[in-house]
Amino acid sequence: MKKELPVIETPKQKTKEKDYSKYFQTTYQPPSLKDAKRRGKEKVQFHKDFSIPDDLNGLGKGKKFMIRTYGCQMNEHDTEVMAGLLVDMGFESTNETEEADIILLNTCAIRENAENKVFGEIGHLKPLKLEKPGLILGVCGCMSQEESVVNKILQKHQHIDLIFGTHNIHRLPHLIKNAIFGKEMVIEVWSKEGDIVENLPRVRKGNIKGWVNIMYGCDKFCTYCIVPYTRGKERSRHPEDIIEEVRHLARNGYKEITLLGQNVNAYGKDLDGMEYGLGNLMDEIRKIDIPRVRFTTSHPRDFDDHLIEVLAKGGNLVEHIHLPVQHGSSDVLKLMARKYTREHYLELVDKIKKQIPNAVFTTDIIVGFPNETEEQFEETLSLVKEVEYDMAFTFIYSPRDGTPAAKMEDNVPMEVKKERLHRLNDVMNEIFLKKNLELKGEIVEVLVEGESRKNPDVLTGHTRTNKVVHFHGAKSLIGELVNVQITDPKTWSMGGELVETAEVSR
Ligand code: SAH
Ligand code: SF4
Ligand code: F3S
């Protein structure tokens with residue numbers, strides 16, 4: 001089905017006009033990563049009176065939607081908001097692609113392979129769209145913020161009906177209406193972040209663990225990373241709104257919350273007239289009756305003493321710290337603009353270990369940054385051996401258009417990068433196994449989250465330190481905190497046996 005002119009809705013960006021008349025009979029304003037880079041001084045407005053207009057309320061009656069989520073927890077959080085908006089409009093959720101009247105792909109732009117996956121999926125959905133012309137196919141999330149992605153969809157994937165970005169999710173009801181009633185592809189991507197809209201409806205995935213977003217955006221501009229462009233400047237939610245959300249989850253029986261942000265340690269820096277940071281926030285949340293509180297992601301640079309002091313109080317604040325290091329060489333860290341050195345990072349880990357002796361560290365690491373030498377790579381190996389992480393996400397560097405690192409020349413062949421990734425993973429796996437073996441015979445607290453994917457007779461859950469534990473038990477335990485003795489530690493998970501004792505050794 002050939003589309004007519006795209007509808008560009010209330011674009012907020014001041015983009016230089018480009019001539020896309022080759023594809024359309026109009027001048028089209030694409031999103032712009034360049035505009036997204038600017039950090040304006042304008043104040044963030046907070047809106048607390050969101051509601052869906054009456055005329056959009058019943059629009060989804062008798063219709064179903066499905067949202068595919070790629071990428072990080074922030075996208076999972078956004079998917080819950082989009083699901084909330086659609087359910088409030090009368091749509092019902094489905095897991096069956098064939099049943100859906102709306103399919104949204106909530107995308108991730110962090111690495112090239114993440115984007116390729118989405119383009120693959122867009123292609124797979126084409127026959128369904130041809131079969132079912134009334135189906136609304138939408139692309140949202142971080143990829144939509146990229147001009148190149150929007151243009152590729154316009155040129156090659158005309159079966160897409162709707163493109164919107166990360167800053168205008170609250171506009172979904174209007175956009176859906178326009179996609180349903182209009183004949184054209186609807187595109188609304190704001191390059192610049194908008195205001196903070198509170199009180200958006202939400203359909204949470206599950207009722208045991210909940211995401212609580214505490215801030216939006218990132219101002220760190222690590223040279224390899226696209227997130228500051230796709231998510232805009234750092235904007236913190238008001239503490240009282242966050243605390244109210246946590247209380248609400250506690251009242252509703254949730255057992256664990258994760259405070260979310262790209263760089264949660266920068267929380268509060270943008271809040272006017274208050275000296276209030278993540279430490280202060282955690283110190284208040286600590287008093288709320290919810291068994292476990294996590295936070296992610298921490299940037300080592302902003303990890304301050306007050307936060308360590310508060311975390312050391314323990315209780316519902318778990319002793320797991322995800323502290324992405326990215327690289328073991330200070331020279332590479334400098335090129336990455338991480339703004340800390342290897343030594344500073346190791347000192348921070350030491351300081352935390354001193355004050356929280358049972359703290360467990362996990363991390364993210366990039367190998368194959370442009371021109372990474374063998375010696376520099378070996379510094380990463382020596383760092384992971386020194387810290388002894390309990391778990392890690394490891395990636396091959398992927399150039400992202402529009403970021404400074406993408407312009408760097410690179411003399412490291414892909415085979416070398418792949419080989420380094422293997423070597424790193426081998427070293428790390430050995431450490432993970434060693435750390436898990438140390439837990440053999442110990443009794444740990446496990447939050448039971450459900451049946452194991454591989455074997456429905458087995459229950460699965462996580463320890464406070466975020467390790468996966470499998471054990472046999474009654475289904476009625478799902479949603480409960482139980483004690484499990486570790487009997488079978490493996491590299492990425494541990495087997496155990498349910499025990500009656502109230503004593504936990506770890
Ligand atoms: N805000 C978080 C991480 C967000 S992205 C933080 O700063 O820690 C998650 C991880 O993806 C990063 O920690 C990094 O290791 C990896 N990553 C980001 N950009 C990448 C790129 N261009 N290539 C490869 N890995 C990347
Ligand atoms: Fe990306 Fe760095 Fe921001 Fe993390 S802190 S989101 S890696 S720019
Ligand atoms: Fe991906 Fe965007 Fe998250 S790029 S990692 S979905 S913030």
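Helices here are DSSP runs of H or I with at least four residues, strands are runs of E with at least two, and both are numbered from the N terminus. The model examined in these exercises is predicted.

**Exercise 1. Examine helix α9: determine whether its length agrees with its residue count, and state what surrounds it.**

Solution.
1. Helix α9 covers residues 239-251, which is 13 residues.
2. The expected span is 1.5 Å times one less than the number of residues, so for α9 it comes to 18 Å.
3. The end C-alpha atoms of α9 are 18 Å apart, and the two values therefore agree.
4. The buried residues of this helix are P239, D241, I242, I243, E245, V246, L249 and A250.
5. These buried residues pack against β10 (209-213), β13 (256-260) and α10 (278-285).
6. Just after α9 comes G253, whose phi is positive, at about 85°.

**Exercise 2. Carry out the corresponding examination for helix α15, and relate this helix to the largest nonpolar core.**

Solution.
1. With 24 residues, α15 reaches 34 Å from its first C-alpha to its last, close to the 34 Å expected at 1.5 Å a residue.
2. Buried in α15 are K417, R420, L421, L424, V427, M428, I431, F432, K435 and N436.
3. The cover over these residues includes the strands β16 (360-367), β17 (391-396), β21 (481-489) and β22 (493-499), together with helix α14 (374-387).
4. The largest nonpolar core has 70 residues, and L259, L281, F303 and I352 have the most contacts inside it.
5. Helix α15 (residues 414-437) supplies the largest share of this core, namely six residues.
6. For I352, leaving aside neighbours within four places in sequence, the contacts are F303, I308, I321, L323, A359 and F361.
7. Another core lies apart from the largest one; it has 31 residues, among them V118, L125, L128 and M143.

**Exercise 3. Describe the shells around ligand 2 and ligand 3 by residue and by class.**

Solution.
1. Around ligand 2 stand C218, K220, F221, C222, Y224, C225, V227, P228, Q262, H299 and R338.
2. By class, this shell has seven nonpolar, two polar and two charged residues.
3. Ligand 3 is surrounded by C72, N75, C108, A109, I110, C142, R231 and Q262.
4. The shell of ligand 3 divides into five nonpolar, two polar and one charged.
5. Q262 appears in both lists.

**Exercise 4. Decide whether C108, C225 and H167 are buried or exposed, and place H167 in its surroundings.**

Solution.
1. The step requires one cut-off: a residue is buried when its relative accessible area is under 20%.
2. C108 has a relative accessible area of 11% and is therefore buried.
3. C225 stands at 14% relative accessibility, so this residue also counts as buried.
4. H167 has 6% relative accessibility and so counts as buried.
5. H167 belongs to the loop between β7 (162-164) and α7 (172-181).
6. Apart from neighbours within four places in sequence, H167 is in contact with Q145, W190, S191, K192, E193, G194, T230, R231, G232 and R235.

**Exercise 5. State how many disulfides the structure contains.**

Solution.
1. A disulfide is a covalent bond between the sulfur atoms of two cysteines.
2. A search of the whole structure finds zero disulfides.

**Exercise 6. Locate E442 and identify what it touches.**

Solution.
1. E442 lies in the loop between α15 and β18 (443-451).
2. Not counting residues up to four places away in sequence, E442 touches V484, Q485, I486, S505 and R506.
3. E442 and K475 are 33 residues apart in sequence, and their C-alpha atoms are 23 Å apart in space.

Technical notes
Residues are numbered from 1 along each chain as its sequence is written. Chains are lettered from A and ligands numbered from 1 in the order in which they are written. This is a predicted model: local features need pLDDT of at least 70, side-chain atom pairs count only at pLDDT 80 or more; totals for chains, interfaces and linings use all residues. Side-chain values use heavy atoms; hydrogens and water are left out. A residue is near a molecule or strand if one of its heavy atoms lies within 4 Å of it. Ala, Val, Leu, Ile, Met, Phe, Trp, Tyr, Cys and Pro count as nonpolar, Asp, Glu, Lys and Arg as charged, and the others, Gly among them, as polar. A nonpolar core is a set of buried Ala, Val, Leu, Ile, Met, Phe, Trp, Tyr and Cys residues joined through side-chain atoms within 4.5 Å. Buried means under 20% relative accessible area, exposed over 50%, partly exposed in between (1.4 Å probe, protein chains only). Contact means heavy atoms within 4.5 Å. A disulfide is a pair of cysteine sulfur atoms within 2.5 Å.
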